[in-house]
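Student: Could you take me through one part of this structure closely? I would like to see how its contacts are counted.

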Amino acid sequence: MGTQASVKAIDPRELGEMGTQIILGNTYHLSIRPGLEIIQAAGDLHHFMNWHLPILTDSGGFQVFSLAKIRKIRAHGVEFRSHLDGSLLFLGPREAMEVQRILGSDIAMVFDECPAHNCTAEVAKEAVERTITWAKVCREQPRATGQVAFGIVQGGVDATLRERCARELVAMDFEGYAVGGVSVGEPEPEMMRAVELAEPFLPAEKPRYAMGLGTPAQMVELVARGIDMFDCVLPTRVARNGTAFTYKGTVSIKAGFNKADFRPIEEGCGCYACKNFTRAYLRHLLNVDEILGLRMLSVHNSFMYMKVMQDIRDHIAAGTFKEFREMFARTYVPSQKVLAGRQGHILSTLPVSEDAAAI
Ligand SMILES: [Zn+2]
């Protein structure tokens with residue numbers, strides 16, 4: 001996840017070493033800062049950030065609907081105010097594809113309407129209709145050399161809407177398809193349901209992408225439901241809170257119980273942080289705000305995510321994915337928030353244990 005043309009705290013050399021195949025850049029953020037003219041002057045986003053493997057850019061739709069302060073949805077796009085300086089901006093399917101053409105990403109996402117997960121049935125229906133109309137416009141726009149485009153299925157947890165949206169997009173013959181409207185604050189069962197409702201209508205021979213997801217355990221479960229691609233801010237975001245992902249769940253490296261723990265973050269992990277530093281040392285770095293601490297947690301967490309996906313690929317190839325999935329579900333302890341979502345509880349009513357992650 002390279003929101004601002006950088007995977008937070010990790011450089012391209014480290015990303016390469018951990019086997020990163022693709023990163024994501026945000027159309028909305030990059031259009032505002034540094035501005036398209038700067039990236040265009042550098043050549044494209046690959047040259048600007050010195051990343052020469054594939055880049056996927058989102059369309060900006062998600063940020064417009066989640067970050068922008070004031071907005072008016074029009075037939076041809078959305079009027080909104082910048083979350084930084086309040087200036088009036090406009091983004092629609094034509095503009096989103098033009099920005100992505102200039103950024104020169106390898107995968108461009110269509111401009112969709114992503115409503116809140118608890119919106120009314122009427123709002124969800126309108127969002128699907130606009131998403132379909134805008135996808136048609138996106139499909140016809142010029143692209144950068146070699147750039148492919150993915151459609152985004154909306155429709156919340158309404159089976160009819162998900163099917164309608166998926167079928168319409170598949171008829172437009174995109175190179176891949178994403179399930180959108182997830183990772184918008186919905187509880188886990190709703191997220192799984194959204195994917196289950198869309199997946200049967202998306203061609204298995206094309207990439208299927210769950211946007212903005214998820215935890216390691218959720219990725220395993222989503223692969224079991226037919227998903228091939230993910231993007232997620234969690235590995236670097238929780239690192240900045242002093243939290244590490246492990247095969248047993250999250251652990252707060254900042255916590256007092258690591259004060260004199262001279263083991264690595266995770267025994268057997270092949271990442272640079274685990275091969276070179278102890279929990280006690282990393283905890284110390286985090287507690288005195290040394291940048292190396294959050295950098296090393298970011299390296300470990302990103303490596304761990306890559307490793308989970310590699311494990312998944314290896315087990316699928318070996319025909320043992322079912323056993324791997326069961327093992328993962330048994331050993332990975334979900335966060336309080338995920339558990340609360342499964343039980344239909346409200347997070348704030350639950351006690352939070354010392355090593356619970358803030359996710
Ligand atoms: Zn590690």
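Tutor: Happy to; we start with one strand residue and then move on to the cysteines, a sheet and a helix.

This is a predicted model, in which local features need pLDDT of at least 70 and side-chain atom pairs count only at pLDDT 80 or more, while totals for chains, interfaces and linings use all residues. Residues are numbered from 1 along each chain as its sequence is written, and side-chain values use heavy atoms, with hydrogens and water left out.

Let us look at Val-153, which lies in strand β7 (residues 148–153). Strands here are DSSP runs of E with at least two residues, helices are runs of H or I with at least four residues, and both are numbered from the N terminus. Val-153 has a relative accessible area of 0%, so it is buried (under 20% relative accessible area is buried, over 50% exposed, and in between partly exposed, with a 1.4 Å probe and protein chains only). Contact means heavy atoms within 4.5 Å. Setting aside neighbours within four places in sequence, Val-153 is in contact with Arg-162, Cys-165, Ala-166, Leu-169, Ala-178, Val-179, Gly-180, Ala-198 and Leu-202. For one of these, Leu-169, the C-alpha atom is separated from that of Val-153 by 7.5 Å, although the two residues are 16 apart along the chain.

Next come the cysteines. A disulfide is counted when a pair of cysteine sulfur atoms is within 2.5 Å, and by this rule the count is zero. Cys-138 is in no disulfide, its nearest cysteine sulfur being that of Cys-165, 12 Å away. Cys-138 is also buried, with a relative accessible area of 1%. Cys-232 is in no disulfide either, and the nearest cysteine sulfur, that of Cys-114, is 15 Å away. With a relative accessible area of 12%, Cys-232 is buried.

Now for a sheet. Three strands form an open one in the order β3-β4-β5, with antiparallel pairing (two strands pair if DSSP finds at least two bridges between them). Its edge strands, β3 (71–74) and β5 (88–91), each pair on one side only. Between β3 and β4 (residues 77–81) there are four bridges in the antiparallel sense, and Ile-73 stands opposite Val-78 in β4.

Finally, Glu-14 lies in helix α1 (residues 12–17) and is buried, with a relative accessible area of 10%. Not counting residues up to four places away in sequence, Glu-14 touches Ala-9, Arg-295 and Val-299.
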